[in-house]
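Colleague: Hey, got a minute to walk me through this model? I'd like the overall picture before we get into details.

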Amino acid sequence: MRFQNQKRTAIWISSFILFLLACDATFSVLIPTPTIPVPTEVATETPLPPLSQQLTLVSVPFIETNPGSNFPSYSITAQTPQLTGSDDPRVLAFNQRLSNLVSQEVDAFRQSFQELPVTPNSNGSFLEVTYTTVSQFGDLWSFKFDFSFYADSAAHPSLNSRTLNYDLAQNWELSLGDLFLPDSKYLETISSYCINELRKQPFAESSSLEGAQPTPENYRNWNIEPGGLMITFDAYQVAPGAAGPQKIVVPYGELSSIINPEGPLAVVLK
């Protein structure tokens, strides 16, 4: 019995070997191919150039004359700055603000001219609007507008000013307080410097300098210059009319302790 089992086993093994040989069977072991990581470049952000680099500043003229009937004749001429070269909403908003500033003043003067009575000595009235680009640092713009005018029958012509300081990148019209640290007494600091400078002028004894006291209204006209803040005082504000408008530049060094280092002046002082 044992012999028969051994015989069967031998026959089965022999048959299996013959089957493998007949099939030419091969065996392979699959080895995964290693993946070599490809180095990737680290993306770096390229700073965008100032929006103003692609723009051109132009002047848009305006002329109006009226021969008058129930009021003296008058003429109005104006130059309005406008930026061209982009339809960016910020540019459109800036141009609209500039247009509004000039048109609002023109409308007010026109109305005042038309309310004047005609007299035997009427020679007519006029308004001339001009502007100066005081500075441009990247997207930070600073304009000064001069309104030279004469109202019929007045003793002499006069001159008023308005200023506009604008951060085009942020679509933001700046106020004077935006330049300084919160809760800093910037008006007092600026006023103190201006009063000291005005007292050095020949007209100081005949002026109370009330127009240079630290109030927002007194310091409504300011511009950003490379060396400091330019403060403009209109005629009669701090000096007799004969002395005309007065300008004082407050050096940034006088304001260094209260300037916001992360504020709009950062681009000027860097």
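Colleague: How many helices and strands are there in the protein chain?

Modeller: It's a predicted model, and the protein chain has five helices and nine strands. Going along the sequence, the pattern reads α-β-β-α-β-β-β-β-α-β-β-β-α-α.

Colleague: And what share of the residues is buried?

Modeller: Of the 270 residues in the protein chain, 37% are buried. The chain exposes about 16,600 Å², and 55% of that comes from carbon and sulfur atoms.

Colleague: What about contacts between residues 24 or more positions apart?

Modeller: They account for 59% of the contacts in the chain with a separation of 6 or more.

Colleague: OK, sheets. What's the strand order in the open sheet of six strands?

Modeller: That one goes β1-β2-β3-β4-β5-β6, and the pairing is mixed. The edge strands are β1 (56-66) and β6 (172-173); each has a single partner strand, so one side of each has no neighbour in the sheet.

Colleague: Which way do β2 and β3 run relative to each other, parallel or antiparallel?

Modeller: Parallel: strand β2 (residues 74-84) is joined to strand β3 (residues 125-137) by five bridges. If you want a spot to click on, Ser-75 has Phe-126 in β3 as its bridge partner.

Colleague: What handedness does the unit of β2, helix α2 and β3 have?

Modeller: Left-handed. β2, helix α2 (residues 89-114) and β3 together make a left-handed β-α-β unit.

Colleague: Where does α2 lie?

Modeller: α2 lies across β1, β2, β3, β4, β5 (158-167) and β6. Relative to β2, the helix runs at about 175°.

Colleague: And how do β3 and β4 pair?

Modeller: Antiparallel, with eleven bridges between β3 and strand β4 (residues 140-150). Val-129 stands opposite Phe-147 in β4. The hairpin of β3 and β4 has two residues between the strands, and Gly-138 in that hairpin takes a positive phi near 60°.

Colleague: Which residues other than glycine have a positive phi?

Modeller: I can point you to two, including Ser-153, with phi near 75°. Ser-153 sits in the loop between β4 and β5 and is partly exposed, with a relative accessible area of 47%. Tyr-236 also has a positive phi, about 75°. You'll find Tyr-236 in the loop between β8 and β9, and it's exposed, at 51% relative accessible area.

Colleague: Since you mention β8 and β9, what order do the strands take in the sheet they belong to?

Modeller: β7-β8-β9, an open sheet of three strands with antiparallel pairing. β7 (222-224) and β9 (246-251) are the edges, each with a single partner strand, so each has one side without a neighbour in the sheet. On average, neighbouring strands here are turned by 25° against each other, ignoring direction.

Colleague: How many bridges hold β7 and β8 together?

Modeller: Three, between β7 and strand β8 (residues 228-233). Trp-222 has Ile-231 in β8 as its bridge partner.

Colleague: Which strands does helix α3 lie across?

Modeller: Helix α3 (residues 186-198) lies across β8 and β9, and it runs at about 125° to β9.

Colleague: Now the inside. Which residues touch the most other members of the largest nonpolar core?

Modeller: That core has 30 residues, and the ones touching the most other members are Leu-176, Phe-180, Ile-190, Tyr-219, Ile-224, Leu-229 and Phe-233. The elements giving two or more residues to this core are α3, β7, β8, β9 and α4 (252-255). α3 supplies the largest share, five residues.

Colleague: Take Phe-233. What is it in contact with, leaving aside neighbours within four places in sequence?

Modeller: Phe-233 is in contact with Cys-194, Leu-198, Gly-211, Ala-212, Asn-218, Tyr-219, Val-238, Pro-245, Gln-246 and Ile-248.

Colleague: And which residues does the second core include?

Modeller: Val-91, Leu-101, Phe-109 and Leu-127 are among them. That core is separate and has 26 residues.

Colleague: Why would nonpolar side chains be buried together?

Modeller: In soluble globular proteins, that's a general tendency of nonpolar side chains.

Terms used:
Residues numbered from 1 in each chain as written. Predicted model: local features only at pLDDT ≥ 70, side-chain atom pairs only at ≥ 80, totals over all residues. Heavy atoms only, no water. Pairing = 2+ DSSP bridges. Helix = DSSP H or I, 4+ residues; strand = E, 2+ residues; numbered from the N terminus. Right-handed = clockwise from strand over helix to strand, strands pointing away. Axes fitted to C-alpha atoms, helices over the stretch in contact; angles between N-to-C directions. Contact = heavy atoms within 4.5 Å. Core = buried A, V, L, I, M, F, W, Y, C linked by side-chain atoms within 4.5 Å. Buried < 20%, exposed > 50% of the residue type's maximum accessible area, 1.4 Å probe, protein only. Areas by Shrake-Rupley, 256 points an atom, 1.4 Å probe, with all protein chains shown as cover.
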